[in-house]
Amino acid sequence: MQNASYTAEAYKRQQILTASPEMLTLMLYNGAVKFINEGIKHIGEEDCIKSNKVLIRAQNIIIELMSSLNMEYDIAKQLYPIYNYIYRILIEGNMKNDADKLEEAKKLVLQLRDTWAQAMKKAHQTE
């Protein structure tokens, strides 16, 4: 079983190393949604330790998205406050075990992810 786990981890690592910057951003959005969902699930199970662990991972992804913005572009200046808001409600949801706050964060991340995926699709169509 450990061999299968190692193989899956190696595959995931290779995907990340070979992904385009656009795909990495999409992967970050998907990771944030995954960890928020896990956090909500663990809150429902009243497992604060597991919830905290996965929600910190979601928070770290949002920090990564914030730090990767090129503030020379207007879109980056518009995204930064949105990311900052998501980060703040993730922290609040984590500290208070508030699934509603986490649902709000997830909704925003899903909207950003879906918009990003559409932009990627359009960019590939024009190439």
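1. Lys106 and Glu103 pair through their side chains in a salt bridge, with 3.4 Å from N to O. This is a predicted model, so read the distance as a computed value. Both residues sit in helix H5. They are 3 residues apart, about one turn of the helix.

2. Is Lys106 buried or exposed? Lys106 is buried, because its relative accessibility is 16% and the cut-off for buried is under 20%. Its partner differs in class: Glu103 has 35% relative accessibility and therefore counts as partly exposed. The bridge thus joins a buried lysine to a partly exposed glutamate.

3. What does Lys106 touch beyond its sequence neighbours? Leaving out residues up to four places away in sequence, Lys106 contacts Val33, Ile36 and Asn37. Lys106 itself belongs to helix H5, which covers residues 99–126. Look at these contacts together with the bridge to Glu103 when you inspect this site.

4. How many salt bridges does the model hold? The count is 5. Among them is the pair Lys106 and Glu103. Two others are taken up in the next points. As background, side chains of opposite charge can pair when their charged atoms come close.

5. Glu45 and Lys41 form a salt bridge at 4.0 Å, N to O. The rule asks for a nitrogen within 4 Å of a carboxyl oxygen. Glu45 is partly exposed because its relative accessibility is 48%. Lys41 also has 48% relative accessibility, so Lys41 counts as partly exposed.

6. Lys50 and Asp47 make a salt bridge, again with 4.0 Å from N to O. Lys50 has a relative accessibility of 46% and so counts as partly exposed. Asp47 is partly exposed too, because its relative accessible area is 24%. For reference, partly exposed lies between the buried limit of under 20% and the exposed limit of over 50%.

7. Back to helix H5, where Asp100 is placed. Is Asp100 buried or exposed? Asp100 is exposed, because its relative accessibility is 63% and exposed means over 50%. Helix H5 therefore carries an exposed Asp100 as well as a buried Lys106.

8. One spacing involving Asp100 can be checked on the model. The C-alpha atoms of Asp100 and Ile89 are 9.7 Å apart. Along the chain, these two residues are separated by 11 residues.

Notes
Residues are numbered from 1 along each chain as its sequence is written. This is a predicted model: local features need pLDDT of at least 70, side-chain atom pairs count only at pLDDT 80 or more; totals for chains, interfaces and linings use all residues. Side-chain values use heavy atoms; hydrogens and water are left out. Helices (H or I, at least four residues) and strands (E, at least two) are DSSP runs, numbered from the N terminus. Buried means under 20% relative accessible area, exposed over 50%, partly exposed in between (1.4 Å probe, protein chains only). Contact means heavy atoms within 4.5 Å.
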